[in-house]
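Grab a coffee and work through a few short exercises on the protein shown here. Try each task before you read its solution.

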Amino acid sequence: MTTEILELPELQASQSQPHIIVNTAIRRIEAAINIGVVAVQNAPPASPTAGARYIVGAAPTGAWGGQSNKIAFLMGGGWKFLTPLEGWIAAVIGDQFYFFDGAAWTALATGGSIDASDVDYGNSNSSLAATNVQDAIDEIVDAGLVDDTRWDPRLGYYYRHDFMSVPGSAGADGWDTTAANGGSVNALAAEAGHPGIVRLTTSANASGQAAILHALDGASAAGTGIRVGGGVITVDWLLRFPTLPAAASNVFLRVGLVDELTGLPTDAIYLNSVFDGTVFTIIGICRASGSDTATLTANGFAPSGNTWHHGRIVINAAGNSVEFFVDGNSLGTIASGIPTASLTEAAGYAKSSGDGSSVSMDVDIVQCVQPFSTPRWT
């Protein structure tokens, strides 16, 4: 008789030569733990090494005939086989991992990383497509599979705000609002898939403006907040423009990381807009010590009216490169003039001149993630 899982031989009553049974079981256990195999192949090696293990391929030959998908190992001068169970993972030494789904072994992502699509997160969002750690983090967060109560603070910074209520003044809820010349910040009724929406309206005034800023002390980062370097920073916003600006209006947005919003920020990394009187175009801006470096307008994104658009800013771990995106389209990369001052999440919409019309920008969600290159503690 053998056991159900590893097929280990069992001792019988008055067992003759019990040491043989025990030694055989020990060797099978040894073969089944920490499975590091030499290769996945169909034919036995010409000069096998004792203790070496192999995943038998789908079309085995020779001494491995009829043993497809099993773990082969040499014992006592002959080949023995372990039958894998669904869920087993084996590592091909120096190469990659393989997962057994109950019918066949499947290679996970190359280079030893695990594809996010191979992980069951316990809900309907189990089919993710990331092929590296940062993309996996992005997709897990995008899918809503982590929130600020579950993010491990040792490993990084994570912040998300759904704007279920309008940010208050003087730092209520960690947010502040600024509005001038008739501008306003107001909550909208929830929509399907958009539980919290804030509308920033410029007013009809030629210099009307409205903004929201994540800061505990009012409308300034005041030395606290996010600094580039120390880990990849990814900032996401969901934006909508109910009506695109008219030709006679000079309207601009600032959405991203800034040091303050009461005026033009001194240091900032944000999505900005340019308007040539015909096309309202989103570009990327890095502003350090009052000097701008911008992505090319030719690479900008022209948003559609009354449509939700996903804005994203990705700052590399060293803090010396920033790439801007809208709806997955790269607006370009900036590799100079990147600020090193403290920044915080903010969104603003304003007019510097205009035709007397009022324009608005809706904000659904902001999210900022920075997995630290070095954990806070271990």
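Three exercises follow, each with a worked solution.

Some ground rules: this is a predicted model, where local features need pLDDT of at least 70, side-chain atom pairs count only at pLDDT 80 or more, and totals for chains, interfaces and linings use all residues. Residues are numbered from 1 along each chain as its sequence is written, and side-chain values use heavy atoms, with hydrogens and water left out.

**Exercise 1.** Work out what surrounds His194.

Start with its place: His194 sits in the loop between β11 (184-188) and β12 (197-201). Strands here are DSSP E runs of at least two residues, numbered from the N terminus. Next, take its cover: His194 counts as buried because its relative accessibility is 13%. (Buried is under 20% relative accessible area, exposed over 50%, partly exposed in between, with a 1.4 Å probe and protein chains only.) Finally, list the partners: setting aside neighbours within four places in sequence, His194 contacts Leu238, Trp308 and Asp364. Contact means heavy atoms within 4.5 Å.

**Exercise 2.** Decide whether Ile89 is buried, partly exposed or exposed.

First, find the residue: Ile89 lies in strand β6, residues 89-92. Then read off the value: with 43% relative accessibility, Ile89 is partly exposed.

**Exercise 3.** Count the disulfides, then check the cover of Cys286 and Cys368.

Begin with the search: zero disulfides turn up in the whole structure, a disulfide being a pair of cysteine sulfur atoms within 2.5 Å. Now the cover: Cys286 is buried at 0% relative accessible area, and Cys368 is buried at 0% too. For background, buried residues make up 45% of the protein's 378 residues.

Definitions and conventions
Helix = DSSP H or I, 4+ residues; strand = E, 2+ residues; numbered from the N terminus.
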